[in-house]
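Work through the exercises below with the sequence and the coordinates open. Each task is followed by a solution in steps.

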Amino acid sequence: MSAADGAGPMRIAVLGPLEVWRGDVALVVNSRTQRALLVRLALAAGAIVGQDELIALLWPRQVPANAAGLLHTRMARLRRLLEPANASAPVVVAAGTGYRLTVDVDGLDLLAFRDLTARATREAAAFALLSEAVALWRGETDVEQVLADPAYVAVFNEYVAAVRAFARLARDLGQPEVALERLRALANRDELDEPLHVDLIRTLDAAGRQAEALNAYDRIRTALAEHLGINPSETLREAHLAVLRRHEAPQHTNFPPHTRGERGVVQQVPSAPPDFVGRAGELDAIRTALGRRGLSSRVVLIDGVAGVGKTALALTAAHRLREEYPDGQLYADLRGNGTATTAPLQVLTRFLRALGVPGRRIGTDEAEAAALLRSELADRRMLLLLDNARDAAQVRPLLPGAGQSDAIVTSRRQLLDLEAAGVVSLQPLSHEDAVALITSTSRAPEVGTDSEGIDDLAEACARLPLALRIAGARLATRRGWTVADLARRLDDSNRRLSELSLGESSVLNSFQLSYADLAPDAQRAFRLCSLHPGDDFSADSTAALLDVPVPTADRVLEDLLGANMLLQHSRNRYRFHDLLGLYARRLVATDDESESARSRLHEWYAETVTAAVDVVHPQLVRLSEYPAAAEVFQSAESALEWLDEELPALLAVVQDDGASLAWRIADQLRGYYLLRRDAEGWLPAAQAGMAAATAAGDDFAKVAMLINRGQALGAVGRDEDAMSDCLAGHALAVAVGRPIAAAYLAHQVGWLQLERGKLDDAEHWMSRALELTDTEPRGHVRAIALNGLGMVRLYAGALQKAADLFTSALEISEHGLETSRLTIRGNLAGALRQSGATERAAELLSELMATYHQRSQYRGESSTLDEWARLHSRRGDGAAALQTALRAHELAKLVRDPKAQAQTASAVAQAQLTLGDPAAALEWIEACLAIARDTYPYLEAEALLTLASAQLATGDHSAAALSAEQAALIAKACGFELLAAEAGRLSSLPDQPL
């Protein structure tokens, strides 16, 4: 049965076998693929699940070449199953490079569970709320594909935490029996979970079931001994003794913080070392320092010498504290140990973007960005991990302010001037822990039997964790060696022993040993990979760097990863530990191949970014194209994903090259930034490209960079500077014989003049663009020039001429860039609506809305809904107009577009007038004018006319006359004929209520 067969709200249940309901009708989801996709999306609870993650879920072993297309098809089938034809909103939407469910607390049991557990932490009826929450759990999922998925494991852990909290409250209230069934079931499922068994034993004891409590202790004690070879923890033994003494040990009744609500959870902290040992006291100190609740955030500083394990301790602490920070964790490597220290503004920008703040709102002022971060964190509970800080000045702008977010900072320096709630100064590991770390990393328990040899090895490594890990890795790859053999190699010279005891030099000696043990191809890769311009890199870029096939590069990277010479940054990307990166750069400095390898890599970036932009923006006016882009990227989605991942590296090449590659890459990146307008780095890249083109005296490149810098300046609101670049670029393009570039720049000048309200100048430049495109009558630039001229006519009130121009533009762009085509269709709908052709306008708007909604393009949705609202107002349907305009305004705020916010606020005001509520209209029109005044003349004049109408309706005739007069002045000065006529009409009615 599909959603079309049922009526009522959608309900999805994933806390047990999958169930889907539409009203009172159960929907049958038989397809194994659809069940897996639906459950995985539901586990994200409204957050975006990336395309790569879903592909890995469906094809865990061998990914088909057309996986992205197949995934899109399967998602379309799932939507058809879940959504009735008349659905007001989709259940599954595409978002970014993934998909998400549009669900609320009433539509998804997981959200209901989280809502109940969250309320239990702050409401008096905590016991009843927790009872209701745990009752939502119906058992394990019946979708096998997600059983091992981290998202499902995390949800199950939430349930375990809720049951334990419920049991503690039940004991406190004298009702322990009500929690026993679920505790027993969980204990049977995981016989090695000590904290869970502690709660089970205590609850059985509280219920008077001492014999059963003792049996439970015996079972876990036996299991720990048989499976792990360890004894019960101190807490477990205390619970056992309490049963024997019939006296329950002290308990904590605070329920662990609930995981996230509606906001998506950011989890940036890399994985902790799986072989982490010791540091129990340090971990307790961190937890204690961060556990003191107050009005302000807390900072814990971890300091110590290089290689002492600061990052490993911080990562481990962060993962163990994950439940305490339900809104997620942010991570940044501040690179304080090298010369290329990360600027605070770079980190602030990354953090704010991760929290959903668009780049344009962030700006370039460090103090403002720091204040914005503190504001974003104020009502969140997050942990920030700031790794490798140089000094307190680098850290302070990154710290949260008031609220419940905290930070862990690591540094080689003590940072005495940093105010911290706790300071953990790390020393080398204890001898016992050092031996345990060698044993663990060697993956050979027998090394522990050579007590003298392993003791010598631990001390030769100065008990520094980084050196110990390298030594263990060498033993793991040289099974013929004994511990004593490696210890003797470390004892080759007094110098080496001396350096191993001195901090950084000691780590470098350990690196040299590990490096010498690599195969020649791995040594070469280790050296050359330090030439990667970004923080992380892929097998594809490494293949170009090494001049080998991708499978070969992938193999050698895995070899380096296995030898602990690289870190796994994400599923398909790698990075150096900071110290290993320094060592690799020391080696490559004397490598004769370094310059040729760097040139290969940079050229690969230039060619690949060209191929990517060929796929995502093929009509872009630029210097070069890629002849076979489809062989590099099979879809626009994969090309855009590559651009997203490699943007930092591409920007680094642009900044560092200083020659032709700088402008070649910057020229292509303009196409990316036109699609990702909130992405960071556009203006600096354009400026670097311009500097390189000017230094080379290449006029063609200068034209491209003037286009680029002009649009980048316009994107940050520097319209005067943008105009200067566009005019200079146009003149140069004409002079060097680049008519299409000149036409494009003429169009840009015309658009800037249109925004200023200078219609004559705008018409001149749009017409100039058309003249220059006579030789390419079907080209993209001619289409956008016709659209621009249509907008000039629309502002001037020549509605039929505007519609004709939009129609001509559409005929050209029929097979062009979809975003341009959709924009032109929206403009045509506006012209038709104003001219009274409401039926045709409604048809266009319906088609546009379906497309934008399917692609989750919120800017397009907002503009289309704005037109819909104005159409409803014209038809006299105030209720529909208001509902639609409010939706448009919310989307405009979501995308942080000031002009769209002003325009949609005006539409809301018009809808309120249609409904007969002029007082409400006055509030909304003032919101519009606050943005539009002196910035967007057309919007300002239109808003003043709406204001005059509202003032007339409230009987304030003198104010209405003044507003109409102001609108008339703007409209006549700019040539907005229809607005001028409306101002005249209103001015003639000063003494009559509207």
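**Exercise 1: the largest cavity**

By class, seven nonpolar, one polar and two charged residues make up the lining of the largest cavity. The model is a predicted one.

Task: State how many cavities of 30 Å³ or more the structure holds, and find which residues line the largest cavity.

Solution.
- Step 1. Four cavities of 30 Å³ or more are present in the structure.
- Step 2. The largest cavity encloses about 50 Å³ of space.
- Step 3. Its lining consists of Phe276, Val277, Arg279, Val308, Gly309, Ala312, Leu429, Leu437, Pro465 and Arg469.
- Step 4. Sort these residues by class. Gly counts as polar, and Arg counts as charged. The result is seven nonpolar, one polar and two charged residues.

**Exercise 2: helix H1 against helix H3**

Task: Determine at what angle the axes of H1 and H3 cross, and which residues meet in the contact.

Solution.
- Step 1. Helix H1 covers residues 32-44 and helix H3 covers residues 67-82. Their axes come within 10 Å and cross at roughly 80°.
- Step 2. Angles of 65 to 115 degrees count as roughly perpendicular, so H1 is roughly perpendicular to H3.
- Step 3. From H1, the residues in the contact are Thr33, Gln34, Leu37, Leu38 and Leu41. From H3, they are Leu71, Arg74, Met75, Arg77, Leu78, Leu81 and Leu82.
- Step 4. By class, this contact of H1 with H3 has eight nonpolar, two polar and two charged residues.

**Exercise 3: helix H2 against helix H3**

Task: Carry out the analysis for H2 and H3: what is the angle at which they pack, and into which classes do the contact residues divide?

Solution.
- Step 1. Helix H2 (residues 51-58) packs with H3 at an angle of about 85°, and the axes are 10 Å apart.
- Step 2. This angle makes H2 roughly perpendicular to H3.
- Step 3. Gln51, Leu54, Ile55 and Leu58 of H2 meet Ala67, Ala68, Leu71, Arg74 and Met75 of H3.
- Step 4. The contact of H2 with H3 divides into seven nonpolar residues, one polar and one charged.
- Step 5. Compare the two residue lists. Leu71, Arg74 and Met75 of H3 meet H1, and Leu71, Arg74 and Met75 also meet H2.

**Exercise 4: the sheet of S4, S5 and S6**

Task: Give the order of the strands in this open sheet, name its edge strands, and place H1 and H3 relative to the strands.

Solution.
- Step 1. The three strands are ordered S4-S6-S5, with antiparallel pairing.
- Step 2. S4 (49-50) and S5 are the edge strands, each pairing on one side only.
- Step 3. H1 packs on the sheet and touches S4, S5 and S6, its direction making about 75° with that of S6.
- Step 4. H3 lies across S5 and S6, and runs at about 150° to S5.
- Step 5. Strands S5 (residues 92-95) and S6 (residues 98-101) are joined by four bridges. Val93 has Arg100 as its bridge partner, and Val92 has Leu101.
- Step 6. Two residues lie between the strands of this hairpin, and Gly96 takes a positive phi near 60° there.

**Exercise 5: the sheet of S1, S2 and S3**

Task: Give the strand order and find which residue in S3 stands opposite Arg22.

Solution.
- Step 1. This open sheet has three strands in the order S1-S2-S3, paired antiparallel.
- Step 2. Its edge strands are S1 (10-13) and S3 (25-27).
- Step 3. On average, neighbouring strands are turned by 30° against each other, direction ignored.
- Step 4. Three bridges connect S2 (residues 19-22) with S3. Opposite Arg22 stands Val25 in S3.

Terms used: Residues numbered from 1 in each chain as written. Predicted model: local features only at pLDDT ≥ 70, side-chain atom pairs only at ≥ 80, totals over all residues. Heavy atoms only, no water. Axes fitted to C-alpha atoms, helices over the stretch in contact; angles between N-to-C directions. Parallel < 35°, antiparallel > 145°, perpendicular 65-115°, else oblique. Contact = heavy atoms within 4.5 Å. Pairing = 2+ DSSP bridges. 1 Å grid on protein atoms, 1.4 Å probe; cavity = no way out; pocket = protein on both sides within 12 Å on 5 of 7 lines; lining within 4 Å. Points joined across faces, edges and corners; volume = space filled by probe spheres on them.
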